[in-house]
Amino acid sequence: MPAGAVVPIPCDVPPYRLSGAVYGALLNHRSALALLGQAVHAPPYRAPPQAPVLCVKPRNTLAGPDTVVRIPADAEEVEVGANVGLVIGRAACRVPESRALDFVAGYLIVADVSLPLASHFRPGVRLKARDGFCPLGPAVADPHGIDSDALTVEVFLDGARVQSATTTDLIRPTARLLADVTEFMTLSAGDVLALGAAAPAPRARPGQILRIEVPGIGVLSCRFEREAA
Amino acid sequence: MKRARVAHAGAVHDAVAASPACGAAREADGTGGEHAQLADEGGGEHVRLADGAGGEHVQLADGRIVSEDAVVWLPPFEVGTVIALGLNYRDHARELQLDSQEEPLVFLKGPGSLLGHRGRTRRPADAAFMHYECELAVVIGRPARRVARERALEHVAGYCIANDYAVRDYLENWYRPNLRVKNRDGCTVLGPWLVDAADVPDPGALGLRTFVNGKLTQQGNTRDLIFGIPVLIEYLSSFMTLSPGDVILTGTPEGVGNVMPGDVVTCEIDGLGRQINSLAADAEFGRGKHEVPCESSI
């Protein structure tokens, strides 16, 4: 069973498909690290992150736009990490920052849904890798004319704006992130790398409708419902 | 049945272990030794070549029988989600001076980290401590969602050997173990075979051994897993649907040690065969003093 072919997201630019591998840069928005304050120097962390901090959103989490995300019966709410994600166009291995954007096929919106995280010490797979916890879309936008380091990301719940952020505040801007990530792991055509979400993450409850708007890329919507026990 | 995926003569093939009765000649591959005395509980028609002299053969789906060194070994199945366990043997947790935990320590890996039997893995020059981890890999065969431990093994297609390398120098206390430690290119070695679950009567009592350059360095038994296979499947499937091709790397016992370029790491698990991996220097990958760009300028 290949990893891919899971999410039929329209992709009209090469490679015309997603591979199914989705990575997310965590703590890459200044607001996310700022929220932790001096805690980054205390146990268990002891120091701010040096290399990019990444998570894997496995194939069971992937969902297209306009889907239903189910919140488990024993949880009140979920966190929504609203990300711009890039799609890799061809194998990217230790790409120099100056040429990193040549490897980007396009952009989309990635909703990194998670049960509320109490700590960033462990990967939290039970919280972050639940079925349907990574809606993507609405389509892969052609990268020409898009400056992924100057995009507005707005999050709405039931129509009310709950977060407004900008990718100018990424700690590692797109090209730098790609250079640093591909220093130790090759990204392949169709892989997605989410660039980092602002914090605090908006929290959604069952019954609410989420909308993430990124002018130039599109609008990603989904609905939260209570999972049957 | 022992199943593999190999590249040979211009194509990728499904393949199975070929019996010596098929008549192909054995040849020494120079990497063996006396250590490969395996207890093969798989039995059946596919007799294990237990003499450690190499010379295994595979039969391709099109009927050809090919020597093991005439193929490129790929991960033995189409790999889906790679789920790995940390600190899942009591002795290894002690070795790292960590308390065992109430909930399994799970982390995920991406497809770029995968490598087959006899592959070469880069050993970064700037790291002081890169170590192997011999692990039993459990491969899912039927979708699993909220499966009770009593029925968990019904969802297993089979088992294989995994060597899940780590570069400890890069550990940071953020989402630990972070991907820079555990998701490096070529650092998740799977194979040579996927052995059908029916041929592994008790996956909870398999001996694991690692040899570095022929010297035994790591030894354990899956009976010492903190969270056994049925419990892991129950736990994981309680929050994520497991699909065919998903693989659970169940953790490694004590005995991890540093490896260097040129070292040959052999991992064995009772009944699953013997997996060989070699460590390569940065230079082989165009890194280091004479840096070669990955993709030359257009």
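Two strands are taken to pair if DSSP finds at least two bridges between them, and in this predicted model that criterion can be followed down to single residues in chain B. There, the bridge partner of Leu208(B) in strand 17 of chain B is Gly220(B). The two strands concerned, strand 16 (residues 207-212) and strand 17 of chain B, run antiparallel and are joined by six bridges.

This pair belongs to a wider arrangement, an open sheet of five strands in chain B whose order is 9-20-19-16-17 and whose pairing is mixed. Its edges are formed by strand 9 (119-122) and strand 17 (215-221) of chain B, each of which pairs on one side only. When direction is ignored, neighbouring strands of this sheet are turned against each other by 25 degrees on average. In general, the strands of a sheet pair through backbone hydrogen bonds, and they may do so in parallel or antiparallel fashion.

Turning to chain A, one finds three helices and 13 strands. Its radius of gyration is 16 Å, close to the 17 Å that the globule rule gives for 229 residues, so chain A is as compact as a globular protein of that length. The C-alpha trace of chain A spans about 45 × 40 × 35 Å along its principal axes, and buried residues make up 51% of the 229 residues in the chain. Of the contacts in chain A with a separation of 6 or more, 78% are accounted for by residues 24 or more positions apart.

The two chains meet in a contact that takes 37 residues from chain A and 30 residues from chain B. On the side of chain A that touches chain B, strand 1 (22-26), strand 2 (53-57) and helix 2 (125-128) of chain A each supply at least two residues, and strand 2 of chain A provides the largest share, with four residues. By class, this side of chain A has 25 nonpolar, five polar and seven charged residues.

The interior can be read through the largest nonpolar core, which has 148 residues, and in which Leu108(A), Ala111(A), Ala137(B), Val139(B) and Cys160(B) touch the most other members. Strand 6 (residues 104-114) of chain A gives the most to this core, namely eight residues. For Cys160(B), if residues up to four places away in sequence are not counted, the residues touched are Pro76(B), Ala137(B), Val139(B), Leu190(B), Gly191(B), Trp193(B), Leu194(B), Val195(B) and Leu272(B).

Notes:
Residues are numbered from 1 along each chain as its sequence is written. Chains are lettered from A and ligands numbered from 1 in the order in which they are written. This is a predicted model: local features need pLDDT of at least 70, side-chain atom pairs count only at pLDDT 80 or more; totals for chains, interfaces and linings use all residues. Two residues are in contact if their C-beta atoms, placed from the backbone, lie within 7 Å. Ala, Val, Leu, Ile, Met, Phe, Trp, Tyr, Cys and Pro count as nonpolar, Asp, Glu, Lys and Arg as charged, and the others, Gly among them, as polar. A nonpolar core is a set of buried Ala, Val, Leu, Ile, Met, Phe, Trp, Tyr and Cys residues joined through C-beta atoms within 7 Å. A residue is buried if 20 or more other C-beta atoms lie within 10 Å of its own, exposed if 12 or fewer, and partly exposed in between; C-beta atoms are placed from the backbone. The radius of gyration is taken over C-alpha atoms; the globule rule is 2.2 Å times the number of residues to the power 0.38. Axes are lines fitted to C-alpha atoms, for helices over the stretch in contact, and angles run from 0 to 180 degrees between N-to-C directions.
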